[in-house]
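Trainee: I keep running into labels in structure descriptions and want to know what stands behind them. Can we go through some together?

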Amino acid sequence: MSMPKFDKSTGELYYEQVSDYVREKIYSKEWGIDEAIPSEHELMDMLDLSRGTVQKGIRQLVDEGLLVQQRGRGTFVVQPVMARPSSNRLLSFGESMSDQGVIFETKVVHKEVKPADTVCAENLQIEVGELYLYICRVRYVRQRPVMFIESHINLTACPGMDKQDFSTMPLFAFAERLSGHSIGKSEIVYSARVVGKKRGRYLEYDEHAPALEIDQLVRLDDGTPFEWGSVWLPANRCVISSEMKRTV
């Protein structure tokens, strides 16, 4: 097996080249999910680099969420959290994770009743200046943040929503109970973004790193918009699967 040649003339530091080498092994599926990667000493021998350089390269991938280090066992490729299977069935992220047996914790990090500006009023179909609920939640799996959720809630459609405890029950369940309607449909837009300082802080993630932003407008079964917001998923911590059937 040929070993990579590390070259400082490229301007890329040795530890970054270690990260690139290991990352490529994972992306190409040579090193699979839940599989232990070579030890630090094995990587030192394979790459002919110092322990400090190897450690720094591995630490970068741990911070990215590609690897996890287990004391006394080694370093393993991480299984991303399956955040939402994409299908014809509309579920909240919490409901989707529960359906998949993923154990998670939700923390409300901001909750405020605010007057709607023009853009918010247009999306929620309420009057400018009408009060709505703005709420931010962070969802954790194995004590690690995997998604940041921002929601603008139509209080006219769901009165009393601002009094609920969102750490104990999914948003959709509250909406159906308080509105007297079922969840209807959602309009979703997927975008790749740099996560930024605020969301990076909540996700314990580099502010310049990539994330998937999911913008969604969710309606009740009578067509009334009840939630307008975004979900931010750090790259390599969450994935979205899709199952489609070809029709002739």
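Trainee: Why is Glu 30 called partly exposed?

Mentor: This is a predicted model, so every value here is computed from it. Glu 30 has a relative accessibility of 47%. The partly exposed class lies between 20% and 50%, so Glu 30 belongs there.

Trainee: And what makes Lys 25 buried?

Mentor: Buried means under 20%. Lys 25 has a relative accessible area of 11%, so the label fits.

Trainee: How do you know that Glu 30 and Lys 25 form a salt bridge?

Mentor: Look at the N to O distance between their side chains, which is 2.9 Å. The cut-off is 4 Å between a side-chain nitrogen of Lys or Arg and a carboxyl oxygen of Asp or Glu, so this pair passes. As general background, side chains of opposite charge can pair when their charged atoms come close.

Trainee: How many salt bridges does that rule give?

Mentor: Seven. Another one of them joins Arg 51 and Glu 40, at 3.0 Å from N to O. Arg 51 sits in helix H3 and Glu 40 in helix H2, so this pair ties together parts that are eleven residues apart in sequence.

Trainee: Which class do Arg 51 and Glu 40 fall into, buried or partly exposed?

Mentor: Arg 51 comes out at 42% relative accessible area and Glu 40 at 23%. With limits of 20% and 50%, Arg 51 is partly exposed, and Glu 40 is partly exposed too.

Trainee: What about Asp 20 and Arg 23, what makes them a salt bridge?

Mentor: Their side chains meet at 2.7 Å, N to O, and that is within the 4 Å limit. Both residues lie in helix H1, three residues apart, or about one turn of the helix. Asp 20 is partly exposed at 33%, while Arg 23 is buried at 14%.

Trainee: Back to H3. How do you know that its span is close to what is expected?

Mentor: H3 covers residues 51-64, which makes 14 residues. From first C-alpha to last it reaches 20 Å, and the expected value at 1.5 Å a residue is 20 Å. After H3 comes Gly 65, with a positive phi near 95 degrees.

Trainee: Which residues of H3 are buried, and what do they pack against?

Mentor: Thr 53, Val 54, Gly 57, Ile 58, Leu 61, Val 62 and Glu 64 are the buried ones. They pack against helices H1 and H2 as well as strands S1, S2 and S6.

Trainee: What makes S5 and S6 a pair?

Mentor: Two strands pair when there are at least two bridges between them. S5 and S6 have nine, in the antiparallel sense. One bridge partner to look up is Glu 150 in S6, which goes with Cys 136.

Trainee: Where do those strands sit in the sheet?

Mentor: The sheet is open and has six strands in the order S4-S5-S6-S9-S8-S7, with antiparallel pairing.

Trainee: Why are S4 and S7 called edge strands?

Mentor: Each of them pairs on one side only. The twist from one strand to the next averages 15 degrees.

Trainee: What lies across the sheet strands?

Mentor: Helix H6, residues 171-179, lies across S5, S6, S7, S8 and S9. The angle between H6 and S9 is about 175 degrees.

Note on methods
Residues are numbered from 1 along each chain as its sequence is written. This is a predicted model: local features need pLDDT of at least 70, side-chain atom pairs count only at pLDDT 80 or more; totals for chains, interfaces and linings use all residues. Side-chain values use heavy atoms; hydrogens and water are left out. Helices (H or I, at least four residues) and strands (E, at least two) are DSSP runs, numbered from the N terminus. The expected span of a helix is 1.5 Å times one less than its number of residues. Buried means under 20% relative accessible area, exposed over 50%, partly exposed in between (1.4 Å probe, protein chains only). Contact means heavy atoms within 4.5 Å. Axes are lines fitted to C-alpha atoms, for helices over the stretch in contact, and angles run from 0 to 180 degrees between N-to-C directions.
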